[in-house]
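Here is a quick walk through one protein model, written for someone who would rather look at side chains than at statistics. Have the viewer open and click along.

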Amino acid sequence: MANLAYTYCKIGRYSEAETLEIQVMEKQKELLGRYSEAETLEIQVMEKQKELLGQHHPHTLRAMAYLAITYKELGRYPEAETLEIQVMEKHNELLGLHHPHTLMAMANLANTYCKLGRYSEAETLLIQVTEMQKELLGQYHPHTLRAIA
């Protein structure tokens, strides 16, 4: 809808662009509110899992990763980065650098680095992920191709 509004604006159909932009803005407000609700619940889940399972348990790490995704959706990239670094380091320590969970955590962190404008750091991580996935899964595996894209 936002792209269409932009196109309308470029061709001089300003009232139609305005209508769409208002709809987009209202939908974004609604979604951001839902992400804020999700954040509250995800923090509760993460804290309870830390308490019951320990901070290094796979379920706790997954809860941290989900919370990081929510932070990214809310535009809170530094908070997402902090969690993603913890998740990546723990997966690496517990499962090894070549484990799929570690590679996914690296890719998630690279995405956050892009959002923060830290492109060289993102590139370094994505090259590592791509090379390791090629070794482990092959050049044409869907996960490898997703890392390349």
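The side chain of threonine 60 comes within 3.4 Å of the backbone oxygen of glutamine 49. Keep in mind that this is a predicted model, with all that follows resting on computed values. Threonine 60 sits in helix H3, which covers residues 58–73. Is threonine 60 buried or exposed? It's buried, with a relative accessible area of 0%, and that label applies because anything under 20% counts as buried. Who surrounds threonine 60, once neighbours within four places in sequence are set aside? The contacts are Met46, Gln49, Lys50, Leu53, Gly54 and Gln55, so glutamine 49 turns up both here and as the partner of the 3.4 Å approach.

Staying on H3, have a look at threonine 70, which belongs to that helix too. Threonine 70 is buried, at 4% relative accessible area. Skipping neighbours within four places in sequence, threonine 70 touches Tyr35, Glu39 and Glu42.

That last partner can be viewed from the other side. Glutamate 42 is part of helix H2, residues 14–53. Beyond the neighbours within four places in sequence, glutamate 42 is in contact with Tyr66, Leu67 and Thr70.

Glutamate 37 is another resident of helix H2. Its relative accessibility is 44%, which means that glutamate 37 counts as partly exposed.

Now move just past H3. Leucine 74 is in the loop between H3 and helix H4, the latter running over 77–95. With neighbours within four places in sequence left out, leucine 74 contacts Leu32, Tyr35, Ser36 and Glu39. Tyr35 and Glu39 are therefore on the contact lists of both leucine 74 and threonine 70, going by heavy atoms within 4.5 Å.

Further along, lysine 115 lies in helix H5, which spans residues 100–115. Which exposure class does lysine 115 fall into? It counts as partly exposed, at 48% relative accessibility.

For a feel of how sequence separation and spatial separation go together here, these are some C-alpha to C-alpha pairs:

| Pair | Apart in sequence | C-alpha separation |
|---|---|---|
| Lysine 115 and arginine 76 | 39 residues | 9.8 Å |
| Leucine 74 and leucine 31 | 43 residues | 9.3 Å |
| Glutamate 42 and leucine 83 | 41 residues | 13 Å |
| Glutamate 37 and alanine 105 | 68 residues | 24 Å |

Time to zoom out. What does the secondary structure of the protein chain come to? There are seven helices and zero strands, so reading from the N terminus you get α-α-α-α-α-α-α, with helices and strands taken as DSSP runs.

How about overall dimensions? The radius of gyration of the protein chain is 19 Å, whereas a compact globule of 149 residues would be near 15 Å. Along the principal axes, the C-alpha atoms fill a box of roughly 55 × 40 × 25 Å.

As for the inside, buried residues account for 29% of the 149 residues in the protein chain. If you take contacts between residues at least 6 apart in sequence, 39% of them link residues at least 24 apart.

On the outside, the protein chain exposes about 9600 Å², and 56% of that is supplied by carbon and sulfur atoms. How are the charges placed? The protein chain has 15 positive and 20 negative charges, and the mean positions of the two sets are 3 Å apart.

How values were computed:
Residues are numbered from 1 along each chain as its sequence is written. This is a predicted model: local features need pLDDT of at least 70, side-chain atom pairs count only at pLDDT 80 or more; totals for chains, interfaces and linings use all residues. Side-chain values use heavy atoms; hydrogens and water are left out. Helices (H or I, at least four residues) and strands (E, at least two) are DSSP runs, numbered from the N terminus. Buried means under 20% relative accessible area, exposed over 50%, partly exposed in between (1.4 Å probe, protein chains only). A polar contact is a pair of N or O atoms within 3.5 Å; within protein, one must be able to donate a hydrogen and the other to accept it, and residues adjacent in sequence count only if both atoms are side-chain atoms. The radius of gyration is taken over C-alpha atoms; the globule rule is 2.2 Å times the number of residues to the power 0.38. Accessible areas come from the Shrake-Rupley method with a 1.4 Å probe; for residues, only the protein chains shown count as cover. Lys and Arg count as positive and Asp and Glu as negative; His and the chain ends are not counted. The place of a charge is taken as NZ of Lys, CZ of Arg, CG of Asp or CD of Glu.
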